[in-house]
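Please read the following report with the sequence and the model open beside you, and look for each part of the chain as it is mentioned.

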Amino acid sequence: MAHGARQGTSVTLPVDPTIAPPGTRTFHDAGGIPADRWHADQTGETLVPTHCCFCGVQCGMYLRVNQAGKVFGVEPRNHDINRMRLCPKGINAYQQVNHPDRLTAPLIRRYRDKPFQECTWDEALDFTVAEIRRIQEVYGADAFGMLGGASLSTEKTYLVGKFARVALRTRHIDYNGRLCMVSAAGANKLAFGIDRAGNPFSDILLSDCVLIAGSNVGECFPVMTQYIWGARDRGAKLIVVDPRETPVARTADLHVPLKPGTDSAFFNAVLHVIVRDGLTDEKYLADHTTGWDAVKAAVENYPPDRAAGICGVGVEQIEQVAHWFAGAERAMAWHARGVEHHSQGVENCLSIINLCVATGNIGRPGAGYGTLTGQGNGQGGREHGQKSDLLPGGRSITDPEHRREICHIWGIPEDELPLAGTSMMEMVHQMRRREIRGLIATCNNPFVSLPNHHVVKEGYDTLEFHVQLDFFLSETAANAHVVLPVTVWAEDEGVMANAEARVVKHNKAQDPPPGVRTDTWILCELARRLGTGDKFAFSTSRDVFEELRIASAGTVNDYYGITYERLEETGGIAWPCPTTEHPGTPRLFEDGRTYHPDGKIHLQAVAWHPPIDPYDETYPLSLTTGRTVAHYLSGNQTRRLGALVEQTPRPWVEVHPSHGFSNGQPVRVVTRRGSAVYPALVLESIRPDTVFVPYHWPSPTAANILTIDALDPRSKIPEYKVCAARIEAATTLDEVPAPPTGPGRVAYPETQVSRTDPRPPTAPQGLGTAERDWSPP
């Protein structure tokens, strides 16, 4: 729409040389009228302000809605998160709304060896309720489990947790954020008594030294790079710690390519140098911390020469990081899955917190600590009850007072509230042991996202009954007994909290297709049929949010002062926000106090240990996994969007030239759990002892065929980022399967045209359509 144009009107632009740009009059006088006269195909469109459905940056956008009420396009929005910028996923996100692969009717089958058939909602829900009752009557309430997701709106995550504990009365409830942020959450709670980033993105612009650890910002959070570039323009030093020279690492002042699984040894060594050279902020430590003596004693065991041997980096790099970070007036550290996806993920995060605190870089503009959430609601999705050990408001499910508070709000007896459950991966093993016999799940795709795929498949195959809610038929849903079609993000309203803990509002842009229901409607209807409908008298997301506000009031995760109206007016409010007059809390700890009762930062001593999967002569290399810019998590959405499939149609393996492979050559990656064959992408930007595979595709090309299901003992996050591997020459690439579709449908051909391209991308970010040779072989 032309600037200044009103909806449904036409605008004539003047060609007066006194007001027109130079050259415009000459252009028109020369007869330079566009061949098609630049006519508009759409008239009367509406722009609906909302936010992207993908990563934790939560970029603002407008969805373009035509006169028929259908989303047909997107425009970037000048929201202060992204300022008119969108990444490839954000630009293409709208295409899933009216995609031909959408599920539009419930699917049912009594046995897995039978094909799905479309059915009525009553038939699907009656069968689901009958199976829930059968399993729980025979085996007990805890024999039925539930899994949620961190891409759901916060209202729906609240509802998932309440449904599991009140309607199902099971303790077995967890969510796929268990695969994402829980190591950071555990470290944040231990150190600060609160689980969120300490600073807003905008503080990066004020920093003098920015350290990014285990985060491929340029591909996983592309729009966030504007803040890093802004800091660099001011003269800030940029340090990137990552085994691969990622796009952001290529622009850094210092790239530290440490060996996967050695993060805490590295950061302990950096702090060792800071202590040795007298660069700590002793006054800050004395006034605001506990545990410093234990931390100082622990890092004494990591002199730079020892850590350099563990991490495979130079002593001089450790020294340089220490002096740049401690010498900066304002320094910040941000990390993501590369630090957190480890059997020592909590310790890795704590070692970075120790670095920030020891140098006094906490609670100031341009000085602080943050964690980058992977999923759109990675922050909000763990705050209000779908995590196995938490109740709404971040309350502990083991705390008697917290239990009493929630039971009062929910109107249930205290003895009916289940105890803590287990983590997502642990639940899979419980399925294998038949301790969990039924499952209801929404917004997750474990057949692609969970490690050690054959174990996951065995666990799900052992279930007596499985119902999955989704808007596309994922690989996991294709294995279920019942699939219930739900709305996409543009067909409902709700809130999400981004990586800054800024709560933003998603707005409804179109009505869902006939036959599709919201997660809210489905869970409330199931609750009614299970006899607890009085506890789920919600008609809309707004109804759920009003109860959530009350349930969070007075907690660390206080949303009470946040309303839909305030979010529309302000563009987002950072929690905690205890009253409707409170401005929110974009920066924590400015008064020097944390959320522990004593107000102190509780520093934790960290000791490094090797990864769980041992290296030997058979498996001498490190396999690490991660995302690529064109795809998102399990790929159930992005593997159906044509431009993204064209850009990155298949996974590959990144290998160092020293292994002797050529680009595109089939290479078999082998671990103790399985093997897969990928085209080689040969580059010098990865360590010789490390290989990398992106994880967005299903079996037989799934990276998680290879990964180990070892867990961090505290956070229960899987060790995705390191396992022992070997590589060998192969002859034939493993085929990339098309996404599953409903009965009678085939994968939308326009999005699958390049899926069989055997070549790797020319760069880690992917290979665009314009760069491909589309001529016949």
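Over residues 45-101 the chain is 9% helix and 32% strand, and the C-alpha atoms at the two ends of this stretch lie 25 Å apart. In this predicted model, those residues are covered by a UniProt annotation, taken from an unreviewed entry, that reads "domain: 4Fe-4S Mo/W bis-MGD-type".

The protein as a whole is divided into four parts, namely domain 1 (46-96), domain 2 (107-171 + 385-498 + 501-560), domain 3 (181-371) and domain 4 (612-769). Where, then, do domain 1 and domain 4 stand with respect to each other, when the separation of their centres is taken over C-alpha atoms? The centres of domain 1 and domain 4 are separated by 29 Å, and 8 residues of domain 1 are in contact with 13 residues of domain 4.

The size of an interface is often given as the accessible area lost when the parts come together. For domain 1 and domain 4 this buried area is about 840 Å², with 65% of it on carbon and sulfur atoms. On the side of domain 1, the residues that lose the most area to domain 4 are F54, K89 and N92, which together account for 59% of what that side buries. Sorted by class, the side of domain 1 that touches domain 4 has 4 nonpolar, 3 polar and 1 charged residues. Across this interface there are 3 residue pairs in polar contact, whereas the count of salt bridges between domain 1 and domain 4 is 0.

Side chains of opposite charge can pair when their charged atoms come close. The structure holds 52 salt bridges, and one of them joins the side chains of D208 and R234, with a distance of 3.4 Å from N to O. This pair links distant parts of the chain, since D208 is in the loop between α5 (182-192) and β8 (209-213), while R234 is in the loop between α7 (225-233) and β9 (237-241), 26 residues apart.

The backbone also deserves a careful look, and two cis peptide bonds are set out below.

| Peptide bond | Omega | Place of the proline |
|---|---|---|
| W575 to P576, cis | near 0° | P576: loop between β21 (573-574) and β22 (601-602) |
| S699 to P700, cis | near 10° | P700: loop between β27 (690-694) and β28 (723-729) |

Which value does phi take in R169, a residue other than glycine? The phi angle of R169 is near 55°, which is a positive value, and R169 lies in the loop between α4 (154-167) and β7 (173-175).

Note on methods: Residues are numbered from 1 along each chain as its sequence is written. This is a predicted model: local features need pLDDT of at least 70, side-chain atom pairs count only at pLDDT 80 or more; totals for chains, interfaces and linings use all residues. Side-chain values use heavy atoms; hydrogens and water are left out. Domain bounds come from an automatic or database domain assignment. Contact means heavy atoms within 4.5 Å. Buried area is the accessible area (1.4 Å probe) that two parts lose on being put together, summed over both. A salt bridge is a side-chain nitrogen of Lys or Arg within 4 Å of a carboxyl oxygen of Asp or Glu. A polar contact is a pair of N or O atoms within 3.5 Å; within protein, one must be able to donate a hydrogen and the other to accept it, and residues adjacent in sequence count only if both atoms are side-chain atoms. Ala, Val, Leu, Ile, Met, Phe, Trp, Tyr, Cys and Pro count as nonpolar, Asp, Glu, Lys and Arg as charged, and the others, Gly among them, as polar. UniProt positions are given in the numbering used here, feature names are shortened, and annotations may be inferred rather than shown by experiment. Helices (H or I, at least four residues) and strands (E, at least two) are DSSP runs, numbered from the N terminus.
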